[in-house]
Structures are given as C-alpha cells and as structure tokens.
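Hi everyone, thanks for making time. I'll walk you through one protein today, starting with the whole thing and ending with a few single residues. Have a look at the picture first.

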Amino acid sequence: HKKAVYSFVWVKHGKVVASAGLERDVKLWSPYSERAVGTLHGHTSSIRLVTVNNDDNQIISCGTDNVVKIWDVRTFKCLQTMAEIKTTRS
C-alpha cells in the first residue's frame with residue numbers, strides 16, 4: 001500500500017494476509033514475499049474493514065460507502081456485492 005491501511009486479517013486457506021485501506025483495493029500478502037501476491041479490485045471508496053470467513057474460503061470487505069463485497073479466496077473473484085438502497089419519500 002502507498003496510503004493508509006485501516007484493516008488486515010490472516011487468511012488461513014491462502015496462508016496470506018489481506019489488508020485494505022484508502023486505496024480501494026484489498027491486497028493479499030504472503031509472509032514470504034515483499035510484494036503483494038494478489039489484489040482484489042472493485043470498491044469505489046476506501047475500505048474500512050476486511051475480515052475472513054475461513055469455513056467458506058471468503059474474504060469480506062466493507063467500504064466507507066457501506067458497500068460490502070464477498071470475495072472467493074481461491075479465485076480472487078468477487079462473489080457478491082451488497083449496497084445500501086436509498087429511497088426517497090414522496
């Protein structure tokens with residue numbers, strides 16, 4: 001990361017650390033390498049939280065815009081995006 005990191009978590013399945021922050025991407029790091037081994041692209045705002053569901057091999061990230069993304073650890077693909085639905089009152 002070149003900017004602030006807000007959250008990080010150990011991902012048991014991939015044996016990597018997932019980290020996220022101002023840069024709008026989740027980066028995956030091996031403890032044996034100085035460079036990121038993967039990047040999860042898709043958020044349009046900073047990411048304030050990243051956590052892991054080791055049972056289902058998933059990383060969950062939440063942006064400052066309240067968009068939640070669920071990622072597959074094995075394929076680095078986004079499985080689901082959940083966003084707040086804003087309604088207007090008439």
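So, here's a question to start: among contacts in the protein between residues at least 6 apart in sequence, what percentage join residues at least 24 apart? It's 25%. Keep in mind that we're looking at a predicted model here.

Okay, what is the chain built from? The protein has eight strands and zero helices. If you read from the N terminus on, you just get β-β-β-β-β-β-β-β.

Now the overall dimensions. The C-alpha trace spans about 55 × 30 × 15 Å along its principal axes. The radius of gyration is 14 Å, and that agrees with the value near 12 Å for a compact globule with 90 residues.

What about inside and outside? Of the 90 residues, 37% are buried. The accessible surface comes to about 6100 Å², and carbon and sulfur atoms account for 50% of that. As for charges, the protein has 13 positive and 8 negative ones, and the mean positions of the two sets are 4 Å apart.

Let's zoom in on His 41. You'll find His 41 in the loop between strand S4 (36-40) and strand S5 (47-53). Is His 41 buried or exposed? It's exposed, because its relative accessibility is 56% and the cut-off for exposed is over 50%. Leaving aside residues up to four places away in sequence, His 41 touches Asp 25 and Trp 71. With Asp 25 there's also a polar contact between the side chains, at 3.1 Å. Lys 86 is another story: it sits 45 residues from His 41 along the chain, and the two C-alpha atoms are separated by 24 Å.

Last stop: backbone angles. Lys 15 isn't a glycine, yet its phi is positive, about 50°. Lys 15 lies in the loop between strand S1 (5-11) and strand S2 (16-21), and with a relative accessible area of 57% it counts as exposed.

Phe 76 also has a positive phi without being a glycine, with a value near 65°. Where is Phe 76? Look in the loop between strand S7 (68-72) and strand S8 (78-82). Phe 76 has a relative accessible area of 36%, so we call it partly exposed.

That's my tour, so please go ahead and ask me things.

Notes
Residues numbered from 1 in each chain as written. Predicted model: local features only at pLDDT ≥ 70, side-chain atom pairs only at ≥ 80, totals over all residues. Heavy atoms only, no water. Helix = DSSP H or I, 4+ residues; strand = E, 2+ residues; numbered from the N terminus. Rg over C-alpha atoms; globule rule 2.2 N^0.38 Å. Buried < 20%, exposed > 50% of the residue type's maximum accessible area, 1.4 Å probe, protein only. Contact = heavy atoms within 4.5 Å. Areas by Shrake-Rupley, 256 points an atom, 1.4 Å probe, with all protein chains shown as cover. Lys, Arg positive; Asp, Glu negative; His and termini not counted. Charge placed at Lys NZ, Arg CZ, Asp CG, Glu CD. Polar contact = N/O pair within 3.5 Å; in protein donor to acceptor, adjacent residues only side chain to side chain.
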